[in-house]
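Biologist: Please show me the model. I have some questions about its side-chain pairs, cores, cavities and backbone.

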Amino acid sequence: MTIGGVADFEVFRDAWGVPHLRAGDASALAYAQGYVTAVDRAWQIEVERHRTLGTSAGLLGAQALGWDRFARQARLADTARRCHEALDEETRAWVGAYADGVNHGLRQPVPEAPEFARVGVAPGHWEPWTPLGVWLSTHVLFAGFPAKLWRDEVVRRLGADAVGLFATDGPATSGSNGWLVDGQRGAGGGALIAGDPHRFIEDPGVYQQVRLACPEFDVVGLAVPGVPGIGHFGHAGSVAWAITNAMADYQDLYRERLRRAEGGGVEALGPDGWRAAHAEVQDGVEVIETERGVVVIGGPDEGEGISLRQPARVHADLGFGALPALLRARTVADVDRAFDRWAEPVNVVLAADTEGGLLHRVAGTVPVRDPENTLRVVPAWEERYAWRGTHEPMPRADVDGIAVMANERSLAGPLGTEFAPPHRARRIRELLGERETWRAEDMGVVHTDTELASARPLLALVERLDGLSPEAAGLRERLLNWDRRMVAGSVRAAAYARVRSRVVRLLARHELFAPLAHLAPAYPEVFRPWLALVPRIAFGLENLLTSERLPDEERLAIVREAVEEAAGDPDVTWGELHRLAPWQALPDPGTVWPALDGDHDCVLSTSSVPGLTDLSVRGPAARYVWDLARREDSRWVVPLGASGVPGSAHHRDQLPLWLRGELAPVTTDFDLLIQEIHVTEATPQGTLEATSAEFAEYEQSVDGFGTFRLARLDPAGADIDVLHGWVSEERARFWGMTGLGRDDVRGIYAHMDSLDTHHAYLVRLDGTPVALFQTYEPEADRVSECYEVRDGDLGVHLLIGPAGPGGAVHGFTEALVGLLVSYGIDGLGRKRLVVEPDARNDKAIALFHRGGFELADEILLPEIDLPDVYLAEKRAQLAFYSR
């Protein structure tokens, strides 16, 4: 539930820092997911929020202006608002709870994302519709509608029959691998679902490992940061699901005739003549929307433009109703019904449940229209190109032991134009057929397979070469004896890649393609990756090397020239050329990224752009194996880590696993996790963030005093100067450190800082130090000999500093004790606090008594050693505060 704007929830972490969230209901859980996403990925989701609004250049500089212009012209924010307003009441409240949690998390003082300081901004406010905007901005280019600009140019310059030369997924298209083996092939008796989404590798990653648990459901999976729920890859215990991009075509481009109206405004020519269009100016960007869609190229001053029509804007639906339904799914039938509500992007879905149910289907909204719409830009003024409803759901496919999805032309064939070559799908089926049974830990051999089937056409031409120079002949023999595996340590793989890149560049200079050589500069920046000739040649290379459009002797001549040139190259390995190059909103040029196995058409699809760069910008943005027999045997990994905060222990700790093709275990037992925080309705004003079970930073506003902030004591910094001054005063005699030098005090607290059982914090009031607060585990202290330690006990000490801000105000010390109690009981989730002030310290004993501590009946074990600060023995009064 949510009380005073703060939900009641718990955050646990596993060994990899993955958040496991637990709450009393789905709304509170959505709030918790938003909260922890803001804590872990504050900078990342702030960038995404600005991308939705078309204001990201304020963070990222001039490089983002092209995107911002497109985002405004495409009316992404307005579309997100419309889709949010159209949500059913329950889903709208659920999404709103997530946004509230994000805002709570963004108010946390730590861990501070250093990027905010670099650009001089603070995190902004999330509106209830912002998660929909993040989803839309992340996926608006997913279906690759700009490819229609390319095909339109190809048709006009080379003819309609030339379109097929380049018909394959390219560098700007996002794909995936996914596969399912049924229960008869699963070693544990249950089905296995595995795969890896291929997306641009980003730092932080585009997927967020998370667990969402409440009485209604308990789901582990991969979430999109900034979006609630687990839409793409999830395991709910009794059912699991995964998706790949269906490569369907569901967005259209219309060529518009535009003009300024005599009385003001803008008009567009449609099937019914000239009609008024929506027109406004946003920060210098003219935003125009015709009856077809938003104008993203050109405008009335040019007399023409190109508009984008997409289902989300037409139907005010992004499919968010599917997200809470997926979380509640128990069977494949539930998953099937949930995906009936899916909108975009259009995906192929695999699902399995513990009862033996299997699902293989296409999900998403695809409009019914003229086939020409799917190929190129069509005239807006012709009625034949109007949308006429949406396609009925495609038939579900039968699963006969194994099902594979790898962006090839399969279930979604009737819905698309360009698909991935069949190499990955064929290779996955071949690998899965090599074993009778599979375990989750076995799937790495599929995830990391590096066979490059698409090398065959080029190598076939290499084999036909004769009359080569001795060096080139030697290279020819090495290539023909190569095992066609793109392994980082392979010199022959690198040699193949160098020949391939030269072939691509030579083809791009061929007179046949000269009309396509300089298209990109004529279009807005955001569309140029689809219109650049070299990438188009690179990803259409198989077709180009086998097409009759290019005479055989010319193909041989190009390959011959490439081999002769490459023969003079020094030997290097593929990994020296093929390195990870993730996208960073604020690039860090000092980072040296590792070498990679794989290539675009390998199952291990680490894509480069041959002819342009061998660096890999796209690849497995996550890997997963969902085990339906035992969820705790499932596995997952992301390229970097769970945290998006540079310097965090979990920022890049999964990278070594990812590079080796290994996966981390999915922990499902909450007792095996570390509880990070527990936020309850009792602390609606407190904001809390922690880095471990023993240490948290806590901030709480108290009327009449200001804001108290509790933070870990820094034994190597100025905190020791403050502390040494306090403990040297006569009033602190009961603390037992009077007479110690500064270095002595520093040494004591430096040792304490190294312990897992004892911790020290400095409390500040509006920035000024006012108290020292220490915690310890009683079972690790001699105090455990004085009373029967209970599960959930926490020992605490409090030293109040000299009178400072608020110190002279009545109730100040009680406020400090209240902070101590709130942190220990509500923040760390402990059941009971234990204090043992010096028996002679009447003021301290009275203070704790007023604060709700119950005094022990008598002074127990009068001499107690306090090893946490190496003090002399003392007589102590025990007191307890219970939840």
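Modeller: First, a definition: helices (H or I, at least four residues) and strands (E, at least two) are DSSP runs, numbered from the N terminus. This is a predicted model, where local features need pLDDT of at least 70 and side-chain atom pairs count only at pLDDT 80 or more, while totals for chains, interfaces and linings use all residues. Residues are numbered from 1 along each chain as its sequence is written, and side-chain values use heavy atoms, with hydrogens and water left out.

Biologist: How many salt bridges does a search of the whole structure find?

Modeller: Side chains of opposite charge can pair when their charged atoms come close. A salt bridge here needs a side-chain nitrogen of Lys or Arg within 4 Å of a carboxyl oxygen of Asp or Glu. Over the whole structure, the number of salt bridges found is 69.

Biologist: Which helix holds both Arg157 and Glu153?

Modeller: Their side chains meet in a salt bridge, N to O at 2.8 Å. The two residues are four apart, about one turn of the helix. Both lie in helix 8 (residues 147-158).

Biologist: Is Glu153 buried or exposed?

Modeller: The scale is relative accessible area: buried is under 20%, exposed over 50%, partly exposed in between (1.4 Å probe, protein chains only). Its partner Arg157 has 40% and counts as partly exposed. Glu153 has 4% relative accessibility, so Glu153 counts as buried.

Biologist: Which residues are linked with Glu153 and Arg157 in a network of salt bridges?

Modeller: The pair in helix 8 does not stand alone, as both residues belong to a network of salt bridges. The other members are Asp152, Arg156, Arg255, Glu372 and Arg376.

Biologist: How many residues apart in sequence are the parts that Arg260 and Glu286 tie together?

Modeller: The closest N and O atoms of this salt bridge are 2.7 Å apart. Arg260 lies in strand 11 (residues 252-260) and Glu286 in strand 14 (residues 285-289), so the pair ties together parts that are separated in sequence by 26 residues.

Biologist: What is the relative accessibility of Glu286?

Modeller: Arg260 is partly exposed, with a relative accessible area of 40%. Glu286 also counts as partly exposed, and its value is 23%.

Biologist: Which helix gives the largest share of the largest nonpolar core?

Modeller: In soluble globular proteins, nonpolar side chains tend to be buried together. A nonpolar core is a set of buried Ala, Val, Leu, Ile, Met, Phe, Trp, Tyr and Cys residues joined through side-chain atoms within 4.5 Å. The largest one has 218 residues, and Phe9, Phe70, Met443, Val503, Leu507 and Phe513 touch the most other members. The largest share, 14 residues, comes from helix 1 (residues 26-53).

Biologist: Which residues does Phe70 touch?

Modeller: Contact means heavy atoms within 4.5 Å. Residues up to four places away in sequence are not counted. That leaves Val140, Leu141, Phe145, Val296, Val526 and Phe527.

Biologist: What volume lies in the second largest cavity?

Modeller: On a 1 Å grid over the protein atoms alone, a cavity is a set of points where a 1.4 Å probe fits but cannot get out; lining residues have an atom within 4 Å of a point. Points are joined across faces, edges and corners, and a volume is the space filled by probe spheres set on them. The search finds eleven cavities of 30 Å³ or more. The second largest holds about 80 Å³.

Biologist: Which residues line the second largest cavity?

Modeller: By class, the lining has five nonpolar, one polar and three charged residues. Here Ala, Val, Leu, Ile, Met, Phe, Trp, Tyr, Cys and Pro count as nonpolar, Asp, Glu, Lys and Arg as charged, and the others, Gly among them, as polar. The lining is Trp43, Gln44, Val47, Glu48, Glu202, Asp203, Pro204, Trp583 and Ala585.

Biologist: What is omega for the peptide bond from Asp203 to Pro204?

Modeller: Pro204 lies in the loop between strand 6 (192-200) and strand 7 (208-214). The bond is cis, with omega near 5°.

Biologist: What is phi of Asn407?

Modeller: Asn407 sits in the loop between strand 20 (402-405) and helix 12 (423-432). At 3% relative accessibility, Asn407 counts as buried. Phi is positive in this residue other than glycine, near 70°.

Terms used:
On a 1 Å grid over the protein atoms alone, a cavity is a set of points where a 1.4 Å probe fits but cannot get out, and a pocket is an open set with protein on both sides within 12 Å along at least five of seven lines; lining residues have an atom within 4 Å of a point.
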